[in-house]
Amino acid sequence: MQQSLTGNKIFVLYPDEELRSKIFYGTLRNQFAIYYIYDYEKVRALIEYYPGSIVVLNLIGNDLNWLPEEISDSMEGLPEENKPKILVLYDKNKPDYCNCTRAIQFQGKHEDLKAELNDIF
């Protein structure tokens with residue numbers, strides 16, 4: 001049985017205005033506490049304080065392909081039950097190293113990405 005994620009905290013790393021206004025606004029914003037973070041080094045402390053949270057790594061339109069590995073490495077030592085679910089959003093190239101729960105390729109349609117995230121959450 002899959003555990004419901006509703007009510008969990010979502011930490012979105014490096015969101016752009018389109019992700020904030022077209023994807024995470026509305027239904028998702030009403031179901032989850034969503035926080036936008038621009039410093040990946042602060043994620044570990046938040047994850048420890050809020051076990052079972054969700055981390056969304058935005059690799060769309062930027063050059064942060066190193067981020068999934070860095071986040072995964074920073075989660076080492078956490079008990080399995082406290083580790084977050086990690087989602088990677090990418091547009092061009094799937095990251096080489098992706099120790100994440102799910103990787104989603106953005107095909108240019110915000111409605112499709114929003115629908116896929118709604119299905120996941």
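In which sense do β3 and β4 pair, and over how many bridges? Hi everyone, let's start right there. The two strands run parallel, and six bridges hold the pairing. If you want a spot to look at on screen, find I54, which stands opposite K85 in β4.

Before I go on, a word about confidence, since this is a predicted model. The average pLDDT for the protein is 85, and 93% of the residues score at least 70. The stretch to be careful with is residues 1-7, where the pLDDT is below 50; in the model this stretch has ten contacts beyond near neighbours in sequence. Where pLDDT is low, the predicted coordinates should not be read in detail, so please take those contacts lightly.

Back to the strands. Between β3 and β4 comes helix α4, residues 67-74, and together the three make a right-handed β-α-β unit. On to the next partner: β4 also runs parallel to β5, joined by four bridges. Here L87 is the residue to find, opposite R102 in β5. As for cover, five of the six residues in β4 are buried.

Now for the packing. The largest nonpolar core has 19 residues, and those touching the most other members are I10, F24, V56, L89, L113, L117 and F121. Two or more residues each come from β1 (9-13), α1 (17-23), β3 (54-59), β4 (85-90) and α5. The biggest giver is α5, with three residues. Let me zoom in on F24: leaving out residues up to four places away in sequence, F24 touches V12, L19, R29, I34, Y36, V56 and L117. Apart from this core lies another one, of 17 residues, including I37, Y40, V43 and L57.

Next stop, F106. You'll find F106 in the loop between β5 (102-105) and α5 (110-120). Is F106 buried or exposed? With a relative accessible area of 15%, F106 is buried, because the cut-off for that is under 20%. Beyond its neighbours within four places in sequence, F106 is in contact with I60, Y90, D91 and L113. Of these, L113 came up a moment ago among the core residues that touch the most other members. For a sense of distance, the C-alpha atoms of F106 and P95 are 13 Å apart, with their positions eleven residues apart along the chain.

Finally, the rings. There are five aromatic pairs in the structure, and I'll show you two. In the pair of F11 and Y35, the ring centres are 5.6 Å apart and the planes sit at 25°, so this one is stacked. Since F11 is in strand β1 and Y35 in strand β2 (residues 33-37), the pair ties together parts that are 24 residues apart in sequence. F11 is buried, at 2% relative accessibility, while Y35 is partly exposed, at 38%.

The second pair is Y40 with W66, and it is edge-to-face: 5.2 Å from centre to centre, with 70° between the planes. Y40 lies in the loop between β2 and α3 (43-49) and W66 in the loop between β3 and α4, so parts 26 residues apart in sequence are tied together by this pair. W66 is partly exposed, at 39% relative accessibility.

One last thing to click on: F11 and Y35 belong to one aromatic cluster with Y49 and Y50. That's my tour, thanks for listening!

Conventions: Residues are numbered from 1 along each chain as its sequence is written. This is a predicted model: local features need pLDDT of at least 70, side-chain atom pairs count only at pLDDT 80 or more; totals for chains, interfaces and linings use all residues. Side-chain values use heavy atoms; hydrogens and water are left out. Buried means under 20% relative accessible area, exposed over 50%, partly exposed in between (1.4 Å probe, protein chains only). Contact means heavy atoms within 4.5 Å. A nonpolar core is a set of buried Ala, Val, Leu, Ile, Met, Phe, Trp, Tyr and Cys residues joined through side-chain atoms within 4.5 Å. pLDDT is the predictor's confidence in each residue, from 0 to 100. Two strands pair if DSSP finds at least two bridges between them. A crossover is right-handed if, with the strands pointing away from the viewer, the path from the first strand over the helix to the second runs clockwise. Rings of Phe, Tyr and Trp (its six-membered ring) pair if their centres lie within 6.5 Å; planes under 30 degrees apart count as stacked, over 60 as edge-to-face and the rest as tilted.
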